[in-house]
Amino acid sequence: FRHYSSKSELLEAVVADEIHELIGFTLPALKPGDTFPSSLALFHHVDEHRALWSALLTGGAAGTIREEFAKAARELSGKKIGLENWLPAELGVLYGVSGTVEIITWWLRQDPPFPIEQIARIHDRLVLTPTVANATIND
């Protein structure tokens, strides 16, 4: 904590690290036409860090997570993910991030929680397939 000038700066650093780690797990699994492995990787990662994600999303950091997630996704959409012309990249990012954060938040509040495979399938069908199923992934 002494390395940061405020609690919010510390929170932003924790969120940024977690988002970049999450993207590191999910992006390699993102394959146009078969987006389910990416959703599965995302929910396995969140489940492995459930206490942290629950604290962040239910403790008032959802806005910070959205901002950092959108920032990272914007950077990647320009470099690694080529969306079809029908979907402006900025809109795809906003939709994908918002949908992902809401689905994760909802899932973490379920008692008992939905199985990982089931929530990953829901995320894939609602968020990934409509936005990136026809995208190109640049290495």
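**Figure 1. Helix 6 falls short of the span of a straight helix.** Helix 6 comprises residues 116-132 and reaches only 21 Å between its end C-alpha atoms, whereas a straight helix of 17 residues would span 24 Å at 1.5 Å a residue. The expected span of a helix is 1.5 Å times one less than its number of residues. Helices (H or I, at least four residues) and strands (E, at least two) are DSSP runs, numbered from the N terminus. The model is predicted: local features need pLDDT of at least 70, and side-chain atom pairs count only at pLDDT 80 or more, while totals for chains, interfaces and linings use all residues. Residues are numbered from 1 along each chain as its sequence is written, and side-chain values use heavy atoms, with hydrogens and water left out. A kink of about 45° is centred on Asp 124 in helix 6; the bend at a residue is the angle between axes fitted to the seven residues ending there and the seven starting there. The kink residue, Asp 124, is one of the buried residues of helix 6, together with Ile 116, Ile 119, Ala 120, His 123, Val 127, Leu 128, Thr 131 and Val 132. Buried means under 20% relative accessible area, exposed over 50%, and partly exposed in between (1.4 Å probe, protein chains only).

**Figure 2. Thr 129 of helix 6 and its surroundings.** Thr 129 counts as partly exposed because its relative accessibility is 36%. Leaving out residues up to four places away in sequence, Thr 129 touches Thr 35 and Asp 124, where contact means heavy atoms within 4.5 Å. The C-alpha atoms of Thr 129 and Phe 36 are 8.2 Å apart in space, although 93 residues separate the two in sequence. The ring of Phe 36 has the charged end of Arg 121 over it, 3.7 Å from the ring centre. A charge sits over a ring if NZ of Lys or CZ of Arg is within 6 Å of the ring centre and within 35 degrees of the ring normal.

**Figure 3. Helix 2 has the span expected from its number of residues.** The 13 residues of helix 2 (residues 36-48) should span 18 Å at 1.5 Å a residue, and its end C-alpha atoms are 18 Å apart, which agrees. The buried residues of helix 2 are Phe 36, Ser 38, Ser 39, Leu 40, Ala 41, Leu 42, Phe 43, His 45 and Val 46.

**Figure 4. Aromatic pairs of the structure.** A pair of aromatic rings is described by the distance of the centres and the angle of the planes. Rings of Phe, Tyr and Trp (its six-membered ring) pair if their centres lie within 6.5 Å; planes under 30 degrees apart count as stacked, over 60 as edge-to-face and the rest as tilted. A search of the whole structure finds 2 aromatic pairs. In the pair of Phe 43 and Trp 107, the centres are 5.2 Å apart and the planes meet at 90°, an edge-to-face arrangement. Phe 43 belongs to helix 2 and Trp 107 to helix 5 (residues 89-108), so this pair ties together parts that are 64 residues apart in sequence. Phe 43 is buried, with a relative accessible area of 0%, and Trp 107 is likewise buried at 0%. Trp 106 and Phe 114 form another edge-to-face pair, with 5.0 Å from centre to centre and 70° between the planes. Trp 106 is partly exposed at 38% relative accessible area, and Phe 114 is partly exposed at 26%. The charged end of Arg 50 sits over the ring of Trp 107, 4.4 Å from the ring centre.

**Figure 5. Leu 57 in helix 3.** Helix 3 spans residues 50-58 and includes Leu 57, which counts as buried because its relative accessibility is 5%. Apart from neighbours within four places in sequence, Leu 57 is in contact with Ala 62, Ile 65, Val 101, Ile 104, Thr 105, Leu 108 and Arg 109. Between Leu 57 and Glu 102, 45 residues apart in sequence, the C-alpha to C-alpha distance is 9.2 Å.

**Figure 6. Gly 63 in helix 4.** Helix 4 covers residues 62-79 and holds Gly 63, which counts as partly exposed at 35% relative accessibility. Gly 63 and Val 101 are 38 residues apart in sequence, with their C-alpha atoms 9.6 Å apart in space.

**Figure 7. The cis peptide bond from Asp 111 to Pro 112.** Most peptide bonds are trans. The bond from Asp 111 to Pro 112 is cis, with omega near 0°. Pro 112 is found in the loop between helix 5 and helix 6.
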